[in-house]
Amino acid sequence: MKIAVCVKRVPDMDVRFRIGADNVSVDETGLKFDINDFDAWAVEAALQLRDKNAGSEVTVISLGPDVVQETIRKALSMGVDRGIQLKADKVPFDGLAIAKALAEELKAGSYDLIFFGKMSPDSSSGVVGPMVSELLGMPCVTAISSLEIADGKGKAKRELEGAQEIVEFPLPAVLTVDEGLNTARLPSLKGIMAAKKKPLEVKPVQLPQPQITLRKLELPAERKAGRVVGEGASAVPELVKLLQTEAKVL
Amino acid sequence: MANVFAFVETRGGDVRKVGLEAVTAARQLADKFGSEVHALVFGPPGIGAKAAQIGKYGADVVIIVENASLANYNPEAATATAADRIKSGRYRAAVFSTSAQGRDLAPRVAARLGASIVTDVLSLEVEGNAIVVRHPMNIGKVIATIAITGTPAILAMRPNVIAPAQNLKAGRVENSQPAIDPNSTRVRVIETKQGSGGKLDLAEAPVVVAG
């Protein structure tokens, strides 16, 4: 099997973000970056399939400036066979522009499976995987939380709001990975050493003109502090009254 | 005329609240353009009976696509049907929902039309030639204001940010067919398990109490 995984370098979300001087980017000073969690689960899914199917190969692809090589090396240290950087000055916000650049590279690779994380927390769009599938005319199942592949066919589970879907599909296919599919392995010391010698190809890409423009970024308004109505059972009537008259939720 | 398209999400033969929210959001845009809302309802036989309800939420035209093979979501048939209609109707904008189904469907439709998309839309405005929307980034810690200049503009509303508003319209009904045979698609949802240990349906919840 030939398997591709598309990964993104994203900042750690457990911080207070600051807006950059240009007003349309996040200030990256002091931010820690790593592979997107959903993408790490996609890498894990690809590695498990490769190890079950002799003669398989996993390629990791990331679009962006040279700093994404760090993210590619992380995937290589987990066990991915080779990496491709689609070199661009920056990662655009427009998912279609990213999808077009990735699709151009992926169509030449004749992959049996193309994995994506279901979304990345920074742009919070979750559109690139299904867009690529459409541009390549390939079957696609998004946000999978279980996966079985056998005899050129696949079966997956998707989590919906309050329900689940069981989906069948033929290969080749595009899959986007949700939480719960697996636990991503940590790179071993041996893996980290081996990753340094694995092939990492750098290919410059021209991104198409975006049809959407970021006008500004801002921090959300601070939430008002909570109010303590009282303590113990005696406060309940007052709380119920406020929920009815002020919050209007009952 | 710059009409606005809305995709009305259904599950199990019922219209979901997020589907009505998409109609209301489309109505807001159409009122600014002085145009019509055309809402597409896609599902199993009987879904057409919901047409009057959708008109009540501001759709001028309700396009009903009923097919016995649409008891479960069919991503390829839904993509083809929505994309064909958006193209032939020359819509200025198309509104979807950022639900599990909408996250799957809307980007495919956008890619098929060669259009960009903004998901999780919090609010929308019209400024000159652009539709200007707000979208949360970095797990809601940053809010982006984004201008969409391409046509059609493809938007997916975040659930629960627009209350479905009644806006009586005649809701002229048009019956249509899936653009491709749902039995011929490569990807097939063979089962939808309701409430079987899946996540709670917060998108349909008017109030969420967390501790």
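This is a conversation about how chain A and chain B meet in a predicted model, and about some features of chain A.

Colleague: What makes Glu161(A) and Arg11(B) a salt bridge?

Modeller: The closest N and O atoms of Glu161(A) and Arg11(B) are 3.2 Å apart, and the rule asks for a side-chain nitrogen of Lys or Arg within 4 Å of a carboxyl oxygen of Asp or Glu, so the pair qualifies. Across the interface of chain B and chain A that rule finds five salt bridges, and there are also 27 residue pairs in polar contact between the two chains, counted where both residues are at pLDDT 80 or more.

Colleague: Which elements of chain B supply the side that touches chain A?

Modeller: At least two residues each come from several elements of chain B, among them helix H3 (75-88), strand E7 (117-121) and strand E13 (188-194), while H4(B) gives the largest share, eight residues. By residue class, that side of chain B divides into 25 nonpolar, 16 polar and 16 charged residues.

Colleague: How many residues does each chain bring to the contact, and what area is buried between them?

Modeller: Chain B brings 57 residues and chain A brings 53 residues, and together the two chains bury about 4,700 Å², with 53% of that area on carbon and sulfur atoms. The accessible area lost when the parts come together is a figure often given for the size of an interface.

Colleague: Why are strand E9 of chain A and E13(B) said to pair?

Modeller: Strand E9 (residues 163-170) of chain A and E13(B) are joined over six bridges in the antiparallel sense, and pairing requires at least two bridges between the strands, so the condition is met. Within this pairing, Gln164(A) has Lys193(B) as its bridge partner in E13(B).

Colleague: Why is Gln206(A) called exposed?

Modeller: The relative accessible area of Gln206(A) is 76%, and exposed means over 50%, so the term applies. Gln206(A) sits in the loop between strand E11 (200-204) and strand E12 (212-218) of chain A, and its C-alpha atom is separated by 9.6 Å from that of Ala97(A), although the two residues are 109 residues apart along the chain.

Colleague: What share of the residues of chain A count as buried?

Modeller: Of its 250 residues, 50% count as buried, each having under 20% relative accessible area. The secondary structure of chain A comprises six helices and twelve strands, and among its contacts with a separation of 6 or more, 70% are between residues 24 or more positions apart.

Notes:
Residues are numbered from 1 along each chain as its sequence is written. Chains are lettered from A and ligands numbered from 1 in the order in which they are written. Side-chain values use heavy atoms; hydrogens and water are left out. Contact means heavy atoms within 4.5 Å. Buried area is the accessible area (1.4 Å probe) that two parts lose on being put together, summed over both. A polar contact is a pair of N or O atoms within 3.5 Å; within protein, one must be able to donate a hydrogen and the other to accept it, and residues adjacent in sequence count only if both atoms are side-chain atoms. Helices (H or I, at least four residues) and strands (E, at least two) are DSSP runs, numbered from the N terminus. Ala, Val, Leu, Ile, Met, Phe, Trp, Tyr, Cys and Pro count as nonpolar, Asp, Glu, Lys and Arg as charged, and the others, Gly among them, as polar. Buried means under 20% relative accessible area, exposed over 50%, partly exposed in between (1.4 Å probe, protein chains only).
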